[in-house]
Amino acid sequence: MENCSIDRFIDKGSTVSHRLYRIRRTVFQMLDDRGYEISDMDLNTTLPQFRVSYGEEPDRDQLNFSTKSRTNSKDKIFVFFSVGEKFGINELKGYVHRMSIQDVHRAIIVVQNRITPQAKKGVKEIAKSFLIEIFEETDLLMNVKEHALVPEHQILTLAEKNALLQQYGVKENQLPRMLETDPIARYYGLRRGKVVKLIYDSDLTGHYVTYRVVW
């Protein structure tokens, strides 16, 4: 009886499907927080449901999807799951071609391991026409927002940012900085100049508010 009880807590499925389930769930949460249309079904899909849909060894091509902003239907984004162990220039060209055909200029590409120098250069070269964010799978195994030590983050509108600067009589570059490479900045897709309100509220830190400008 004791063994049967323990068995209920053991995942007997493949580690690959479990890994990709967690990664895709984080991507859905990330886009939902960015203001894109993500269904409750996508946000709340369970691991068994994921395995029914995609199997124990999911084909990464089948995990790709696109969506649009809740407030601007022209703001669309693709999410691609790279099929190669290394993400190379030919795979990048294929994704950009698909984006061009469907008139989508923003994408997130989830790579298995690393991006080759040629592909990295290609992303920079097309940056004026296509905004492409690269995440490694390990970056998305957990939602960085859910870490116990991460405070609540609120992204200020331009009007709120200007009001803040006026209130304290400071210039943008005088605010404490958050790099574009910061995990939270990457999670929200923040670019230079965006201001973030950080709200700390725990037994360890107490309650206080601070601001960061993305740099």
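**Exercise 1. The annotated span**

How far apart do the end C-alpha atoms of residues 17–99 lie, and what percentage of the span is helix and what percentage strand?

*Solution.* Keep in mind that you are looking at a predicted model. Start with the record: UniProt, in an unreviewed entry, lists residues 17–99 as "domain: RNA polymerase Rpb5 N-terminal". Next, go to the two ends of this span, whose C-alpha atoms are 27 Å apart. Finally, look at the make-up: 51% of the span is helix and 14% is strand.

**Exercise 2. Two helices that meet**

Find the angle at which helix α2 and helix α4 cross, and describe their contact.

*Solution.* Step one is to recall how such a pair is described: two packed helices are characterised by the angle between their axes and by the distance between those axes. Step two is to locate the helices, α2 at residues 15–34 and α4 at residues 47–54. Their axes come within 10 Å and cross at roughly 110°. Angles of 65 to 115 degrees count as roughly perpendicular, so α2 is roughly perpendicular to α4. Step three is to list the residues that touch: α2 brings S17, H18, L20, Y21 and R24, while α4 brings L47, F50, R51 and Y54. Sorted by type, the residues of this contact are five nonpolar, two polar and two charged.

**Exercise 3. The sheet with β1 at one edge**

Work out the strand order of the sheet that contains β1, and find what lies across it.

*Solution.* Trace the four strands of this open sheet and you get β1-β2-β4-β6, with mixed pairing. At the edges are β1 (65–68) and β6 (131–136), each paired on one side only. From one strand to the next, the twist averages 20°. Now zoom in on one pair: β4 (residues 106–111) and β6 are parallel and share six bridges. Within this pair, A107 stands opposite I132 of β6. Last, look for a helix: α5 (residues 89–101) lies across β2 (76–81), β4 and β6, and runs at about 150° to β2.

**Exercise 4. The sheet with β7 at one edge**

Which strands of the sheet β7-β9-β10-β8 stand at the edges, and why is one side of each left without a neighbour?

*Solution.* Begin with the order: this open sheet has four strands, β7-β9-β10-β8, in mixed pairing. The edges are β7 (152–155) and β8 (177–178); each has a single partner strand, so one side of each has no neighbour in the sheet. Then check the directions. Strands β9 (residues 195–202) and β10 (residues 206–214) run antiparallel and are joined by eight bridges, whereas β8 and β10 run parallel with two bridges. In the β8 pairing, R177 is opposite V213 of β10. On the β9 side, I199 has V209 of β10 as its bridge partner.

**Exercise 5. One residue up close**

Is K197 buried or partly exposed, and which residues does K197 touch?

*Solution.* First, place K197: it belongs to strand β9, and its bridge partner in β10 is Y211. Second, compare with the cut-off: buried means under 20% relative accessible area, so K197, at 22%, counts as partly exposed. Third, list the contacts beyond four places in sequence: E152, H153, Q154, L156, V209, T210 and Y211. Although K197 and H153 are 44 residues apart along the chain, their C-alpha atoms are separated by 5.7 Å.

Technical notes. Residues numbered from 1 in each chain as written. Predicted model: local features only at pLDDT ≥ 70, side-chain atom pairs only at ≥ 80, totals over all residues. Heavy atoms only, no water. UniProt positions renumbered as here; feature names shortened; annotations may be inferred. Pairing = 2+ DSSP bridges. Buried < 20%, exposed > 50% of the residue type's maximum accessible area, 1.4 Å probe, protein only. Contact = heavy atoms within 4.5 Å. Axes fitted to C-alpha atoms, helices over the stretch in contact; angles between N-to-C directions. Parallel < 35°, antiparallel > 145°, perpendicular 65-115°, else oblique. Nonpolar A, V, L, I, M, F, W, Y, C, P; charged D, E, K, R; others polar.
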